[in-house]
Amino acid sequence: MKPEAAAALPPYFGIDPDAALAALGAPTVTEEFQRIAKACEAGRIDLAGRGLDETGRRQLRMFSTWEITRYLIPVAQAHFRRVLKQNPDLPQGLSETEGGAKWFTLDEVLRLRAFFAAEGSKAKPYLPYRPKGLPAKMLAVANFKGGVGKTSTCAHLAMSAALDGYRVLVIDLDSQGSMTSIFGGRVADEWQTVFPLLARHYATHLRADNQRRLDRGDAPIPMDDTLGEALTIKADSLIQKTHWPNIDLIGAQLNLYWAEFQIPVWRMQSRGWKLWDALTETLAADGILDQYDVIFLDTPPALGYLTINGLAAADILLVPMGASFLEFDSTGRFFDMLHSTFRSIEEGENMAARALGRRELNFEWDAVRTIITRYDGAQQAELAALMQGWMGKTLSPHRQDFTALIGQAGEQVRGIYEADYRDFNRETYARGRETFDETWAAVKALILGSWRRDERAAGQEAAE
Ligand SMILES: Nc1ncnc2c1ncn2[C@@H]1O[C@H](COP(=O)(O)OP(=O)(O)O)[C@@H](O)[C@H]1O
Ligand SMILES: [Mg+2]
């Protein structure tokens with residue numbers, strides 16, 4: 001036997017137990033988790049700190065004339081330059097070299113777009129469609145499987161909507177806080193997450209419930225400090241600005257997970273509490289649905305109370321999944337869980353509603369779509385086509401390609417829209433961007449379609 005052949009044995013043969021013991025180290029105790037957590041925390045702070053400005057905040061990159069006229073304001077470059085020249089009051093952009101390309105902040109792009117919309121050709125779609133007087137559309141991204149692209153999809157959609165000029169609010173319901181990191185949010189504890197809104201909704205319910213108890217001569221349920229405090233908190237005070245001029249954030253942090261334990265306790269205390277209405281009703285009561293155009297909810301990889309709240313609040317539900325057997329299978333189970341969860345809420349409510357002759361509760365969404373993420377056309381075309389056949393219209397026909405841009409940009413948790421295209425080969429950039437532009441186009445069509453439906457319904461009501 002030649003020595004190479006012996007060396008070519010698979011790596012799991014010939015492991016020497018004594019050498020393995022020497023490499024193993026002491027047994028692990030609980031404290032060790034804390035040490036690992038601290039090491040990760042130090043790394044996270046280091047990574048998050050790169051690319052921050054002097055004030056320690058993240059900064060959005062600038063946009064070039066090429067990019068603006070290609071992707072954001074559909075006019076010829078020459079015309080764009082002419083208009084700027086003729087209107088010295090408009091932002092003129094900065095160039096890095098004498099006579100070099102002009103770069104603009106997103107704020108400036110938004111001002112330029114407003115100018116073109118006011119002064120330019122009325123036939124051109126400078127401003128995105130937004131019916132007046134109707135509330136923001138809420139879109140939740142969910143799947144109980146982790147790593148399927150929920151957060152990436154949600155973040156890119158939020159950025160796309162912002163680039164289009166919509167006023168965007170992002171709500172992070174995942175206590176892992178990935179979305180919060182992407183938007184540079186700072187969250188000290190659960191009091192700066194959606195938690196107080198849920199608590200306030202319960203406290204408001206409890207107050208009314210206690211009044212009924214008192215009227216009946218029963219003892220009221222004590223209102224603890226948490227609930228008392230929550231009654232004073234409005235959504236506005238939870239919303240943070242981000243480095244995007246038109247994206248705001250309600251962030252998340254590990255303590256938000258506490259809500260998963262607290263909510264069932266409240267529900268046991270006062271059975272009539274409609275927890276699924278908590279998010280929508282508090283946001284509506286605080287005027288948030290009028291302050292924004294589109295609200296994106298990122299959810300944790302679980303069908304817990306926070307996800308149920310997010311899904312019940314959403315007008316549109318987007319379920320990302322990869323074109324692999326395991327992800328497809330798991331997504332099927334997720335829909336099974338959605339069915340039994342919402343069905344059992346409806347049944348519980350409607351038994352009482354029927355007895356009292358009240359209107360029944362029926363959850364309804366403008367649209368529910370699955371979307372294939374991280375798609376690899378060379379490997380997954382066959383399964384994707386089968387999935388399309390099985391799921392039909394529910395599966396959005398656009399497939400979001402796997403793109404190395406996301407991985408490469410990973411060090412600073414940036415999205416494609418935040419990356420400077422000069423850092424990449426043009427073609428890689430264009431392809432990566434295109435797949436997320438198409439994801440947005442598919443979702444935007446759902447948003448516009450459902451706004452139009454609401455508009456028609458409102459028109460019909462007014463006519464009757
Ligand atoms: N289109 C894509 N191309 C390449 N990588 C992607 C794509 N979408 C997501 N990813 C990567 O997949 C991983 C999981 O994505 P993430 O959005 O965090 O999933 P989830 O929120 O469902 O757990 C991340 O590392 C992300 O960078
Ligand atoms: Mg996520």
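## Tyr-166 and Trp-451

Start with two buried rings: Tyr-166 is tucked away under the surface cut-off, and Trp-451 is buried as well. Keep in mind that this is a predicted model.

## Aromatic pairs

Searching the whole structure turns up 25 aromatic pairs. Take Phe-116 and Tyr-126 for starters: their rings sit 5.7 Å apart, centre to centre, with 40° between the planes, so by the 30 to 60 degree range the pair counts as tilted. Phe-116 belongs to helix α6 (residues 106-119), while Tyr-126 lies in the loop between α6 and β4 (137-141), 10 residues apart. Both of these residues are buried.

Now back to Tyr-166 and Trp-451, which also make a tilted pair, with 6.0 Å between the centres and 50° between the planes. This one links distant parts of the chain, with 285 residues separating the partners. Tyr-166 is in the loop between α7 (150-163) and β5 (168-172), and Trp-451 is in helix α18 (residues 426-463).

## A ring cluster

Ring pairs also join up into a cluster, made of Trp-66, Tyr-71, Trp-103, Tyr-421 and Tyr-429.

## A negative patch

Over on the surface, Asp-376, Asp-401, Glu-434 and Glu-438 form a negative patch. Where does Asp-401 sit? Asp-401 is found in the loop between α16 (377-391) and α17 (404-408).

Why does Asp-401 count as partly exposed? Because its relative accessibility is 34%, which falls between the 20% limit for buried and the 50% limit for exposed.

Definitions and conventions: Residues numbered from 1 in each chain as written. Chains lettered and ligands numbered in written order. Predicted model: local features only at pLDDT ≥ 70, side-chain atom pairs only at ≥ 80, totals over all residues. Heavy atoms only, no water. Patch = residues over 30% accessible without salt bridge, like charges linked within 9 Å, V, L, I, M, F, W, Y side chains within 5 Å. Areas by Shrake-Rupley, 256 points an atom, 1.4 Å probe, with all protein chains shown as cover. Salt bridge = Lys/Arg side-chain N within 4 Å of Asp/Glu carboxyl O. Lys, Arg positive; Asp, Glu negative; His and termini not counted. Charge placed at Lys NZ, Arg CZ, Asp CG, Glu CD. Helix = DSSP H or I, 4+ residues; strand = E, 2+ residues; numbered from the N terminus. Buried < 20%, exposed > 50% of the residue type's maximum accessible area, 1.4 Å probe, protein only. Phe/Tyr/Trp six-rings, centres within 6.5 Å; stacked < 30°, edge-to-face > 60°.
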